[in-house]
Amino acid sequence: MESSAHRSPAEPQRRRHRDRHGRGLRGPLAPPQVPISLTRSELFDDYVRESVERLERRWPQLADVEFAVQEVPAPETGTPDPDAVPLGRLIPAKQGGKSRIVVYRRPVEIRFKSRDDRAALVHEILIEQVADLLGLSPDAIDPRFDED
């Protein structure tokens with residue numbers, strides 16, 4: 001067996017591929033049920049799910065509405081303001097189909113960095129879309145709509 005003291009300077013040294021204690025990673029940093037282990041898109045889906053559940057408790061007719069999350073809105077031609085980025089969209093029901101409300105994740109995430117602000121914005125977007133669907137004012141959908 002040859003020690004490193006007897007190696008010639010021309011021989012390359014072996015590199016270690018583990019951390020300095022030689023154990024590698026011990027395991028996940030947090031258990032799967034802890035929010036830190038959720039991805040941004042999973043957290044966003046939770047915001048939408050919680051808001052929809054709140055709205056469905058008050059408005060049972062929303063059980064026939066599909067709610068979805070998309071990354072970004074598709075570009076539309078002929079929009080009044082081409083620079084405006086929508087945060088959500090109502091797609092009315094077609095013959096025998098269901099109405100659909102879509103929330104766009106990336107535009108919402110860009111506007112707010114904190115979780116609470118994002119969750120509040122998602123709820124506002126859903127209130128506005130549900131109000132449009134039902135033909136009511138946002139205040140009728142959720143009386144706390146304009147509260148700051």
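What follows is a dialogue on reading the fold, the core and a few single residues of a predicted model.

Colleague: Where should I begin with this predicted model, and in what order do the elements of the protein run from the N terminus on?

Modeller: A plain start is to list the elements before looking at how they pack. The protein has four helices and three strands, and from the N terminus on these elements follow the order α-β-β-β-α-α-α.

Colleague: What share of the 148 residues is buried, and how much area does the protein expose?

Modeller: Buried residues account for 25% of the 148 residues in the protein. The exposed area is about 11,500 Å², and carbon and sulfur atoms supply 50% of that area. As for how contacts are spread along the sequence, 58% of those between residues at least 6 apart in sequence join residues at least 24 apart.

Colleague: How do I read the largest nonpolar core, and which of its residues touch the most other members?

Modeller: The general idea is that nonpolar side chains tend to be buried together in soluble globular proteins. In this structure the largest nonpolar core holds 22 residues, and Val108 and Leu126 are the ones that touch the most other members. Helix H1 (40-58), strand S3 (99-104) and helix H3 (115-134) are the elements that give two or more residues to this core, with H3 supplying the largest share, seven residues.

Colleague: Which residues does Leu126 touch, once those up to four places away in sequence are not counted?

Modeller: With those set aside, Leu126 touches Val48, Ser51, Val52, Leu55, Phe67, Ile101 and Val103.

Colleague: How should I describe the packing of H1 and H3, and at what angle do their axes cross?

Modeller: For a pair of helices, one can take the approach of the axes, then the angle, then the hand of the crossing. Here the axes of H1 and H3 come within 9 Å and cross at roughly 45°. H1 is therefore oblique to H3, as an angle that lies between the limits of 35 degrees for roughly parallel and 65 degrees for roughly perpendicular is counted as oblique. The crossing in which H1 passes H3 is right-handed. On the H1 side the residues that meet H3 include Leu43, Phe44, Tyr47 and Val48, while on the H3 side those that meet H1 include Val122, His123, Leu126 and Ile127.

Colleague: Is Ile127 buried or exposed, and how far is its C-alpha atom from that of Pro138?

Modeller: Ile127, which has its place in helix H3, has a relative accessible area of 1% and is therefore buried, the cut-off for that being under 20%. Ile127 and Pro138 are eleven residues apart along the chain, and their C-alpha atoms are separated by 5.9 Å.

Colleague: How do Ala68 and Val69 compare, and is Ala68 buried or exposed?

Modeller: Each can be read first by its accessible area and then by its contacts. Ala68 lies in strand S1 (residues 65-70) and is buried, with a relative accessible area of 12%. Leaving aside neighbours within four places in sequence, Ala68 is in contact with Arg100, Ile101, Val102 and Val103. Val69 is also found in strand S1, but Val69 is partly exposed, with a relative accessible area of 29%. Not counting residues up to four places away in sequence, Val69 touches Phe44, Asp45, Val48, Val103 and Arg105. The C-alpha atoms of Val69 and Ser41, 28 residues apart along the chain, are 9.0 Å from each other.

How values were computed: Residues numbered from 1 in each chain as written. Predicted model: local features only at pLDDT ≥ 70, side-chain atom pairs only at ≥ 80, totals over all residues. Heavy atoms only, no water. Buried < 20%, exposed > 50% of the residue type's maximum accessible area, 1.4 Å probe, protein only. Contact = heavy atoms within 4.5 Å. Areas by Shrake-Rupley, 256 points an atom, 1.4 Å probe, with all protein chains shown as cover. Core = buried A, V, L, I, M, F, W, Y, C linked by side-chain atoms within 4.5 Å. Axes fitted to C-alpha atoms, helices over the stretch in contact; angles between N-to-C directions. Parallel < 35°, antiparallel > 145°, perpendicular 65-115°, else oblique. Left-handed = near helix turned anticlockwise from the far one by under 90°.
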